Amino acid sequence: MSLLKRIERNQDSSENSESSKLQELRVKRASPAVGSRDAYVDLKNRVQQRLIAELDPSMDITQTAEVRVTIQEMFESMLAEESIVLTRNEKRRLFEAIVAEILGFGPLEQFLHTDGITEIMVNGPKNVYIERAGRLERVNVTFEDNDHLMRIIDRIVAPLGRRIDEGSPMVDARLPDGSRVNAVIPPIALNGATLTIRIFAKIPFTVENLIEFGSITPEAVEFLKACVIAKLNVMISGGTGSGKTTLLNILSGFIPDDERIVTIENAAELQLRQDHVVTLESRAANVEGRGAVTIQDLVVNSLRMRPDRIIVGEVRGGEALDMLQAMNTGHDGSLATGHANSPRDMLSRLETMVLMAGMDLPHRAIREQIASAIHLIVHQDRMRDGTRKITSISEIQGMEGDIITMSEIFRFEQTNIENGKVIGRLRPTGLRPKFMWKIQEQGIILPPSIFGIGSRRR
């Protein structure tokens with residue numbers, strides 16, 4: 001799509017008199033005009049509109065560096081032509097704001113490239129919050145109005161073939177770097193358009209990072225790596241923002257390179273480094289209400305793609321039944337995440353989600369499917385200090401009567417709170433999982449000390 005068409009879709013045409021604006025907005029170095037918020041916005045909009053009108057429509061917008069140089073040359077020429085005098089800081093601020101509007105995501109662009117920010121939350125055009133180091137803070141950044149915010153939202157979702165309007169006021173999308181985006185607009189959002197962006201690290205987190213953060217221990221990592229290589233089915237549970245997708249991405253990295261991996265997500269986020277990866281993404285219905293492709297559709301289709309591994313980004317509905325069926329019919333080594341408050345709660349939610357598939361199955365039959373399909377549940381929590389920690393690694397052992405039995409292999413033990421920071425460690429419980437024979441079949445020998453057997457606890 002040409003640059004001109006892309007931008008024009010996101011801009012409101014201005015009918016104001018150009019001659020009156022030229023007189024009003026001619027800024028002198030000693031003048032406080034740019035210091036005024038309204039005058040600054042007016043100047044930015046006017047320069048931006050003229051730049052858009054004069055840019056070559058055939059310019060390749062994917063060549064960001066070249067487009068930026070072109071915009072800067074035109075920007076400098078325009079300021080000189082109209083005798084607009086700005087300080088160096090004012091000029092830099094104005095130029096960056098215009099480039100962000102033309103090539104990026106407006107006022108949010110600066111946060112998308114700032115290290116340490118993990119979430120951006122826009123509650124209407126005048127209220128913007130970020131999450132940094134697990135803490136929320138309000139930032140002194142605003143949009144001009146709700147229309148300005150809507151243009152940014154449309155710029156995010158339009159390239160993905162998705163839409164957001166009064167008929168479909170909610171949408172899930174992603175940024176080019178994989179960051180997850182959710183948008184809700186009026187009439188559903190009463191305070192104006194609401195935008196939430198979960199920012200992905202530019203360099204994906206590694207196992208070493210999680211150990212350094214205190215999210216997991218080396219012993220637990222060695223155990224989970226052995227489980228993935230041995231093709232055990234692993235479910236990752238946790239609350240919103242607890243780090244499930246990050247952990248799923250790391251565990252996926254343990255899959256051998258010679259296996260075919262099919263990933264299924266609502267919005268593609270996983271950053272697998274293996275070569276043989278097929279990425280599938282669900283799709284919402286079009287304007288006529290047709291063309292929807294659900295996670296369940298993708299799970300069913302993936303079984304025909306000769307996968308060695310199936311990775312489901314998040315199980316949230318009837319696809320749970322098809323996923324369990326796949327795990328029970330030879331597709332071992334599958335990985336998935338799900339929202340839950342505990343490993344036991346994850347089992348209850350899976351049972352509920354299977355019923356959402358519309359199959360009238362007895363509860364015992366569903367539980368038997370769950371007990372035979374899933375080998376391990378890894379639970380992750382967001383602690384009160386904002387840190388994410390794995391708090392439980394539990395084995396699914398089988399059935400006793402109508403109850404699924406579980407055995408906790410690792411458990412997080414909190415020892416103290418210092419300066420508001422949670423102090424503790426993921427410790428082995430002293431129990432060895434029953435599926436150890438599967439790990440040993442792969443030639444992997446885990447020392448008893450990993451499970452706290454024959455060694456003192458540290």
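Let's start with one residue: Glu-413 is partly exposed, at a relative accessible area of 27%. Keep in mind that you're looking at a predicted model.

Which residue does Glu-413 form a salt bridge with? Its partner is Arg-427, and the closest N and O atoms of the two are 3.6 Å apart. Arg-427 sits in strand E15 (residues 421-428) and Glu-413 in strand E14 (residues 403-418), so this pair ties together parts that are 14 residues apart in sequence. Unlike the partly exposed Glu-413, Arg-427 is buried: its relative accessible area is 16%, and the cut-off for buried is under 20%. Elsewhere, Glu-131, Arg-382 and Arg-388 are joined into one network by salt bridges that share partners.

Why do such pairs turn up at all? Side chains of opposite charge can pair when their charged atoms come close. In this structure there are 15 salt bridges, including these three:

| Salt bridge | N to O distance |
|---|---|
| Arg-132 and Glu-137 | 3.3 Å |
| Arg-306 and Asp-308 | 2.8 Å |
| Arg-427 and Glu-413 | 3.6 Å |

Now for the surroundings of the other two pairs. Is Asp-308 buried or exposed? Asp-308 is buried, with a relative accessible area of 16%. Its partner Arg-306, though, counts as exposed at 56% relative accessibility. Arg-132 and Glu-137 are another story: Arg-132 is partly exposed at 33% relative accessible area, and Glu-137 is partly exposed too, at 31%.

Next up is a sheet. It's an open one with six strands, and if you walk across it you meet them in the order E3-E2-E1-E6-E5-E4, with antiparallel pairing. Which strands stand at the edges? They are E3 (135-138) and E4 (170-174); each has a single partner strand, so one side of each is left without a neighbour in the sheet. From one strand to the next, the twist averages 15°.

Zoom in on one pair of neighbours. Strand E5 (residues 180-184) and strand E6 (residues 194-198) run antiparallel, and five bridges join them. If you want a spot to look for, find Asn-182, which stands opposite Thr-196 in E6.

Finally, there's a helix to find. Helix H7 (residues 146-157) lies across strands E1 (117-123), E4, E5 and E6. How does H7 run compared with E4? The angle between H7 and E4 is about 55°.

Technical notes. Residues numbered from 1 in each chain as written. Predicted model: local features only at pLDDT ≥ 70, side-chain atom pairs only at ≥ 80, totals over all residues. Heavy atoms only, no water. Salt bridge = Lys/Arg side-chain N within 4 Å of Asp/Glu carboxyl O. Buried < 20%, exposed > 50% of the residue type's maximum accessible area, 1.4 Å probe, protein only. Helix = DSSP H or I, 4+ residues; strand = E, 2+ residues; numbered from the N terminus. Pairing = 2+ DSSP bridges. Axes fitted to C-alpha atoms, helices over the stretch in contact; angles between N-to-C directions. Contact = heavy atoms within 4.5 Å.
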